[in-house]
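I opened the notebook to keep track of what I looked up. The entries below follow the order in which I checked things.

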Amino acid sequence: MSSEKGKDVLYITLNVLKVLFILWLFLLGIELLGASLKGFGKGFAEALIKTTSNPFVGLFIGIVSTAIVQSSSATTSMVVGSVAAGIINVPNAVPIIMGANIGTSITNVLVSFTHITRKVEFARAFPSAVVHDFFNILSVLVFFPLELMFHPIQKTSFLLTKIFSGGRVGATFHSPLKMVVEPGVKLFLFITHKHYVILLIIAFVIIVYALKLFVDIIRK
């Protein structure tokens, strides 16, 4: 009986350590993304801001990028990293994230089409997939025009930022997580010799891989 408890404790401990490692890996990918985008320089940032300043273009970018990587989490994570790096501002990020929620709807439709050769299964799978699509599309149809006219999401995000930061302007917070991730960022900068395109690709792969690992371990 004690040996079984010991195995259970060991299993839980290993899974907790795995989750912590995956979290570190994910945060490393986000930091690498920010570092690579900063490395592209002011010209790249200005060009990207101009591109995403049109909310309809931003919405389309979110849809396409999520459809390609098949992960809205990866897209939104990269957007958050870009905003943190100062490459994209919050108003430009909102439509991209909305687009990501539409893009993720494509994934479940593709899954439902794997059952198309079995009529009974497809008759059950496709309607359930479309429910998700309609919810996301209708949500964007409601909130996108409201955001263009009144900016409720943008204003709420800034309000929450003030609440979480305690409303203190100029206050600094040294995140222990950033301190843990920083050595890994420096290592990759050294390995890639600050070739920011390579660093961007590595960051993207790490983020997607970390998200996949996280989903797998949570399922267990």
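**Entry 1: Ser72**

I looked up Ser72 and found that it is buried, because its relative accessible area of 18% is under the 20% limit. The model is a predicted one, so I keep in mind that local features need pLDDT of at least 70. Ser72 lies in helix α4, which covers residues 72-84. I then asked which residues Ser72 is in contact with, leaving aside its neighbours within four places in sequence. They are Thr66, Ala100 and Thr104.

**Entry 2: a nonpolar patch**

Next I looked at the surface. I noted a nonpolar patch formed by Phe56, Val142, Phe143, Leu146, Leu148, Met149, Phe150 and Ile153. Together these residues have about 760 Å² of accessible area. Which helix gives the most to the nonpolar patch? I found that helix α7, residues 119-150, does so with six residues. Phe56 belongs to helix α3, residues 55-69. I put Phe56 down as exposed, because its relative accessibility is 54% and the cut-off is over 50%.

**Entry 3: aromatic pairs**

I searched the whole structure for aromatic pairs and got five. One of them joins Phe21 and Trp24, and it is stacked, with 6.1 Å centre to centre and 25° between the planes. I traced both residues to helix α1, residues 2-39, where they sit three residues apart, about one turn of the helix. Phe21 is partly exposed at 45% relative accessible area. Trp24 also counts as partly exposed, at 25% relative accessibility.

I then turned to Phe56 and Phe144, an aromatic pair that is edge-to-face, with 5.3 Å centre to centre and 75° between the planes. This pair links distant parts of the chain, since Phe56 is in helix α3 and Phe144 in helix α7, 88 residues apart. Is Phe144 buried or exposed? I found Phe144 buried, with a relative accessible area of 8%, whereas its partner Phe56 counts as exposed at 54%.

I also wrote down one aromatic cluster, made of Phe113, Phe122 and Phe126.

**Entry 4: salt bridges**

Side chains of opposite charge can pair when their charged atoms come close. I asked how many salt bridges the structure holds. The count is two.

In one, Arg118 pairs with Glu121, and the closest N and O atoms are 2.8 Å apart. I noted Arg118 as partly exposed, with a relative accessible area of 38%. Glu121 is partly exposed as well, at 30%.

In the other, Lys186 pairs with Glu182, with 3.7 Å between the closest N and O atoms. I checked where these two sit: they are four residues apart in helix α9, residues 176-191, so about one helical turn separates them. Lys186 counts as exposed at 53% relative accessibility, while Glu182 counts as partly exposed at 39%.

**Entry 5: the span of α10**

Last, I checked helix α10, residues 196-219, against its expected span. At 1.5 Å a residue, its 24 residues should span 34 Å, because the rule multiplies 1.5 Å by one less than the number of residues. The end C-alpha atoms are 35 Å apart, which agrees. I also listed the residues of α10 that are buried: Leu199, Ala203, Ile206, Ile207, Ala210, Leu211 and Ile217.

Note on methods. Residues are numbered from 1 along each chain as its sequence is written. This is a predicted model: local features need pLDDT of at least 70, side-chain atom pairs count only at pLDDT 80 or more; totals for chains, interfaces and linings use all residues. Side-chain values use heavy atoms; hydrogens and water are left out. Buried means under 20% relative accessible area, exposed over 50%, partly exposed in between (1.4 Å probe, protein chains only). Contact means heavy atoms within 4.5 Å. Patches are made of residues with over 30% relative accessible area and no salt bridge: like charges are joined within 9 Å, nonpolar side chains (Val, Leu, Ile, Met, Phe, Trp, Tyr) within 5 Å. Accessible areas come from the Shrake-Rupley method with a 1.4 Å probe; for residues, only the protein chains shown count as cover. A salt bridge is a side-chain nitrogen of Lys or Arg within 4 Å of a carboxyl oxygen of Asp or Glu. Rings of Phe, Tyr and Trp (its six-membered ring) pair if their centres lie within 6.5 Å; planes under 30 degrees apart count as stacked, over 60 as edge-to-face and the rest as tilted.
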